[in-house]
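Please look over the sequence and the model below before reading on. The paragraphs that follow begin with the chain as a whole and then turn to its cores and to a few single residues.

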Amino acid sequence: MRPTETELKLAFDPADARRLAASPELAGARPRRERFEALYFDTPGRDLARRGLGLRLRHEGRAWVATLKAEGDSAAGLHRRPEWNRPARGATLDLALFAGTPLAKVPGAARLHERLAVVTATRFRRTRWIVEPASGSRLEVAIDEGEIVSGARRAPIAELEIEVLEGPLDAAFDLAEALAARVPLRPEPETKLARGLALAAGAKRKPERAAPVDLRPANDDAASAARLVAAACLAQAQANETGAIASDDPEFIHQLRVALRRLRSSFRLFRAVLPPASLAPIAGEIAWAARVLGECRDWDVFVAESLPPLLAALGDESAARALATAARRRQREARHAAREAIASVRWGLALVRLTRWIATTPAAGSAGAPPLSDFASARLRKGARAVRRGARAFDRLDAPGRHDLRIRVKRQRYAVEFLASLFRGSGPRRHGKALAAAQEALGLANDGITALAHVRELGASPSVVDFCRGWFAAREAAGIASARRALRRAAKARRFWRPKPPAAETVEAIREPGAPPQDSGSAPLGGS
């Protein structure tokens with residue numbers, strides 16, 4: 001049997017290290033303090049990294065230990081990987097120690113030692129405790145403080161690791177939640193090696209868009225698919241988290257907000273196959289964070305996109321300067337609030353709980369869930385009906401109605417993207433593209449309303465407000481015309497999902513708890 005390491009990795013602010021070490025949950029165990037130096041090896045072509053392998057030689061006190069880690073099941077901050085530890089003779093790496101492991105299957109393994117070189121190194125202090133929260137449960141808790149080194153480049157290490165030595169994974173999450181309720185902790189999806197390789201490559205952190213979701217591992221189970229989708233949304237959020245805090249590039253905030261919007265849509269999409277109480281606390285916290293980030297994003301768009309052409313047309317330099325100064329101040333305040341939210345106990349605890357839910361294996365046949373393939377077509381049919389109704393009723397909709405329709409279009413677009421891997425051909429891509437165009441056009445129609453509200457909030461004079469009202473009304477009219485055309489194309493887009501089966505076989509009747517009966521497709525457009 002392969003030895004498997006199961007641990008939670010959580011990042012924290014180095015300033016919180018002492019407070020974390022003084023947590024009551026660790027008070028009953030005696031801490032042990034050590035200094036580690038580790039060297040990580042790979043070939044110039046990164047043959048090991050490309051195969052999910054990590055090869056390390058670490059100095060632990062007076063001993064040297066060689067370690068091989070293989071690719072495993074890692075998501076958010078939970079890492080489960082096969083691991084082989086071997087005593088080493090000094091600072092020399094002997095690959096013969098790993099005979100019979102995946103390292104022996106690397107092409108050219110017999111001469112691999114000739115191509116290996118140190119690609120990154122770590123130096124850190126570790127304080128660790130052995131905690132036994134219940135009979136049959138043992139955890140190793142470690143606080144690592146130090147740095148990752150690659151040439152002249154440095155990156156800080158401030159990590160909490162909770163490794164399951166014996167017993168259930170729930171014990172690790174219980175402890176993580178207790179600690180995260182006291183000190184801001186964020187699940188860390190990257191290993192020290194992954195961070196070191198990025199450092200060695202000189203990689204600059206960039207905003208990351210949503211990646212495609214592969215639902216094949218769900219094995220036709222809708223509840224399992226819900227977790228795969230949530231894990232993908234969380235991965236996008238975490239990829240933009242650090243940039244949102246440290247960078248002035250507004251795209252990090254935008255992509256983090258998109259990740260949360262997609263996550264909330266996934267909760268709604270799969271709501272019928274999930275126990276109602278399982279996500280309620282998490283969903284509420286994600287909604288809070290999305291609101292804070294949304295306000296920041298609205299001010300970013302206003303300052304960068306809506307305001308410049310407006311001020312150029314205003315014709316009053318003094319009023320334009322005053323409005324621009326007030327807008328930038330309000331933008332900075334919204335950015336500060338967003339960064340505080342991401343760095344808060346509230347945010348970190350929500351992500352720990354979300355990671356726990358993602359790692360929980362759903363009960364077989366939970367909530368009477370239909371096969372995923374049937375569930376997917378049923379949900380896509382329902383969403384398509386909402387888009388068609390909105391397109392037909394578009395000319396009768398007021399601004400709130402258009403906003404409501406945009407939400408429905410967005411949800412259908414996300415559903416198409418989440419479920420696309422279940423269908424063959426280019427249908428999902430074409431359909432998603434049409435929905436994205438309609439969503440963007442509806443957004444442009446709504447931007448003027450949001451911008452005018454910002455102008456009023458900034459205390460502009462009545463004459464400036466009147467000018468802005470006319471200016472944005474013209475923009476809104478152009479956006480409405482564009483949205484009308486885009487909606488018609490989206491409503492007519494070729495369907496790629498299965499048609500509705502006979503009544504005896506349909507899963508259309510499966511609804512969210514408390515939802516009204518399914519509509520027939522002819523009801524008027526309702527709320528979001």
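**From charges to cores**

In this predicted model, the 88 positive and 60 negative charges of the chain have mean positions that are 5 Å apart; Lys and Arg count as positive and Asp and Glu as negative, while His and the chain ends are not counted, and the place of a charge is taken as NZ of Lys, CZ of Arg, CG of Asp or CD of Glu. Local features need pLDDT of at least 70 and side-chain atom pairs count only at pLDDT 80 or more, whereas totals for chains, interfaces and linings use all residues. Residues are numbered from 1 along each chain as its sequence is written, and side-chain values use heavy atoms, with hydrogens and water left out.

The chain holds 14 helices and ten strands, where helices (H or I, at least four residues) and strands (E, at least two) are DSSP runs numbered from the N terminus. Its radius of gyration, taken over C-alpha atoms, is 26 Å, close to the 24 Å that the globule rule (2.2 Å times the number of residues to the power 0.38) gives for 528 residues, so the chain is as compact as a globular protein of that length. The C-alpha trace spans about 80 × 70 × 50 Å along its principal axes. Of the 528 residues, 50% count as buried, a term that means under 20% relative accessible area, with exposed meaning over 50% and partly exposed in between (1.4 Å probe, protein chains only). Among contacts (heavy atoms within 4.5 Å) between residues at least 6 apart in sequence, 74% join residues at least 24 apart.

Turning to the interior, the largest nonpolar core, that is, a set of buried Ala, Val, Leu, Ile, Met, Phe, Trp, Tyr and Cys residues joined through side-chain atoms within 4.5 Å, has 95 residues, and those with the most contacts inside it are F270, F302, W357 and L419. Helix α8 (residues 276–314) supplies the largest share of this core, 16 residues. Leaving aside residues up to four places away in sequence, F270 touches A222, A225, A226, V229, L372, F375 and L419. A second, separate core of 30 residues includes V141, L175, A180 and L185.

Helix α8 also contains W299, which counts as buried at 1% relative accessibility. Beyond residues up to four places away in sequence, W299 touches A327, R330, Q331, A334, H454, E457 and L458. By contrast, W299 and L422 are 38 Å apart in space, C-alpha to C-alpha, and 123 residues apart in sequence. A29, found in the loop between α1 (17–21) and β2, is buried at 17% relative accessibility. A29 and V131 are 102 residues apart in sequence and 6.3 Å apart in space, C-alpha to C-alpha, and A29 touches W129 and I130, not counting residues up to four places away in sequence.

Which backbone angle deserves a look at R46 and N219, neither of them a glycine? R46 has a positive phi of about 55°, and N219 likewise has a positive phi of about 55°. R46 is found in the loop between β2 (32–42) and α2 (47–50) and is partly exposed, with a relative accessible area of 29%. N219 has its place in the loop between α5 (192–200) and α6 (222–246) and counts as exposed, at 65% relative accessibility.
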